[in-house]
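User: Got a model open here and want a quick tour. Can you walk me through some local features?
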Amino acid sequence: MAEIERATRAAETICYLQRFTVAYEYPVVFTRGVFRPDNPALVSTISRLEPDRRHRCLVFVDEGLLRVRPGLSEEIRAYVAEHRDRLELVAPPLTVPGGEKIKNDLFHIEWMMGLVFDHRLDRHSFIVAVGGGAVLDAVGLVAATSHRGIRLVRVPTTVLAQNDSGVGVKNAVNLRGSKNFVGTFAPPFAVLNDLDFVELLPPRDKIAGMAEAVKVALIRDGAFFAWLERNAEALATFDPEAMAYMIRRCAELHMQQIARGGDPFETGSARPLDFGHWAAHKLESLTRHHLRHGEAVAIGIALDTRYSVLAGLLAPGADERVCALLELLGFRLWNPALQARLPDGSLAILQGLAEFREHLGGELTITLLADLGRGVEVHAMDTRLIEEAVSWLAERERP
Ligand SMILES: NC(=O)c1ccc[n+]([C@@H]2O[C@H](COP(=O)([O-])OP(=O)(O)OC[C@H]3O[C@@H](n4cnc5c(N)ncnc54)[C@H](O)[C@@H]3O)[C@@H](O)[C@H]2O)c1
Ligand SMILES: [Zn+2]
């Protein structure tokens, strides 16, 4: 400290450089029957720092999940009753709207914060969020900001939430139509992935979540890509073992990126795991969210893979291989919004590039492919080649 003071001392100005690092650690558990009374995963992760304490918990459950598993709140109550020496519910499990609805109105955030206040949760208490990525994002924001941070346990219940969003460090809600405008980086206390929940999803949502696995395999892990190819049929029919491995490996690769990628809280200009996402985000809004996130990502992956070939970064033929895998998994790699044009004649999806940069600030950074399993960052994309890649997808779509 003194040295810095001397080095920067000039006239009346003294500058101290404050510096510290904080280590984060949280278990990510893969299990089945997480609320079966004889499953110790939840109670042992919650009490891992203070085993002799009775932990106070406030539980929020996704309404859409309750529709397919109506007895869930009762199961949670029974679980806590079984472990009453270490767990306590401050209120019966509370139902919250599922999907984007919970993220689109701050009313829900304030309502949840009110409950945190009313039940006098403190920074050693627990908020447990059970649901899809949207519910985890909204409840996560409440947990991260109430009392400046209450311990959050996530129980993700969709493929996407289990293999991607739920194991990460972000939360957010939408404001004025701007997606994820209000949010924080806040690692959870623990994550418990239960495959039983995924099996309740409609086929369309099971398929959509697999796009993130193809994405992360393509940029990080060629062996995983080959595994996905070998197991495409099993995945397309939702074979439980194949689904379990796909989710686990995808989650693991996302966790490695956060821990070892050097920028867990995204202060730089790159979002290395967002391969295929600049077009995907735009396609989601152009189709007014008729496309699921994963469905848009699959198209974005196909587009950027073809682009990588056209730009000379990736060997010809690799694009066809990637498209074949996505189609085997059940994705359709075409949507008319790809060819939507603005009044000036340019492709509407190109706005996605500008929006991608604006979200992060700084220089445009897009991940493309150098190989099936190796991403490469570029700082500009050629409009002409994007047009060509779109035409290629249009051609493929024709029988
Ligand atoms: N925080 C992050 O890092 C991050 C990363 C990617 C995506 N996200 C966010 O995640 C959200 C999307 O999450 P999602 O794909 O999990 O979908 P979702 O949360 O929107 O849920 C989709 C629907 O499925 C229902 N549902 C949840 N679990 C179910 C189950 N087991 N069976 C049947 N229905 C179930 C929900 O009620 C909802 O109606 C978006 O808001 C996105 O912004 C966040
Ligand atoms: Zn995604």
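Analyst: Here is a short round of questions and answers on this structure.
Analyst: This is a predicted model, so local features need pLDDT of at least 70 and side-chain atom pairs count only at pLDDT 80 or more, while totals for chains, interfaces and linings use all residues. Residues are numbered from 1 along each chain as its sequence is written, and chains are lettered from A and ligands numbered from 1 in the order in which they are written.

User: Which residues come nearest to ligand 1?
Analyst: Gly 64, Gly 98, Gly 132, Gly 133 and Ser 165, out of 29 residues around ligand 1. A residue is near if its C-beta atom, placed from the backbone, lies within 6 Å of the molecule.

User: Which elements give two or more residues to that shell?
Analyst: Helices H3 (63-68), H6 (133-145) and H7 (159-163), plus strand E7 (170-175). Helices (H or I, at least four residues) and strands (E, at least two) are DSSP runs, numbered from the N terminus.

User: Thr 157 next. Where is it found?
Analyst: Thr 157 sits in the loop between strand E6 (151-156) and H7.

User: Why does Thr 157 count as buried?
Analyst: Because Thr 157 has 31 C-beta neighbours inside 10 Å. Buried is 20 or more other C-beta atoms within 10 Å of a residue's own, exposed is 12 or fewer, and partly exposed is in between; C-beta atoms are placed from the backbone.

User: What is Thr 157 in contact with, leaving aside neighbours within four places in sequence?
Analyst: Asp 62, Leu 65, Val 130, Gly 131, Gly 132 and Phe 197. Contact means C-beta atoms, placed from the backbone, within 7 Å. Gly 131 is 26 residues away in sequence, yet 5.0 Å away C-alpha to C-alpha.

User: Switching to H17. Which of its residues are buried?
Analyst: Ile 386, Ala 389 and Leu 393. Seen down the axis of H17, they fall within an arc of 60°, so they line one face of the helix. The arc is that of the directions from the helix axis to the C-beta atoms.

User: What do they pack against?
Analyst: Helix H14 (293-310). On the other side of H17, Arg 384 and Glu 395 are exposed.

User: And the hairpin, how do E10 and E11 run?
Analyst: Antiparallel: 5 bridges join E10 (residues 366-371) to E11 (residues 374-378). Two strands pair if DSSP finds at least two bridges between them. Ile 366 has Val 378 as its bridge partner.

User: Which residue takes a positive phi there?
Analyst: Gly 373, near 130°, in a hairpin with 2 residues between the strands.

Methods. Two residues are in contact if their C-beta atoms, placed from the backbone, lie within 7 Å.
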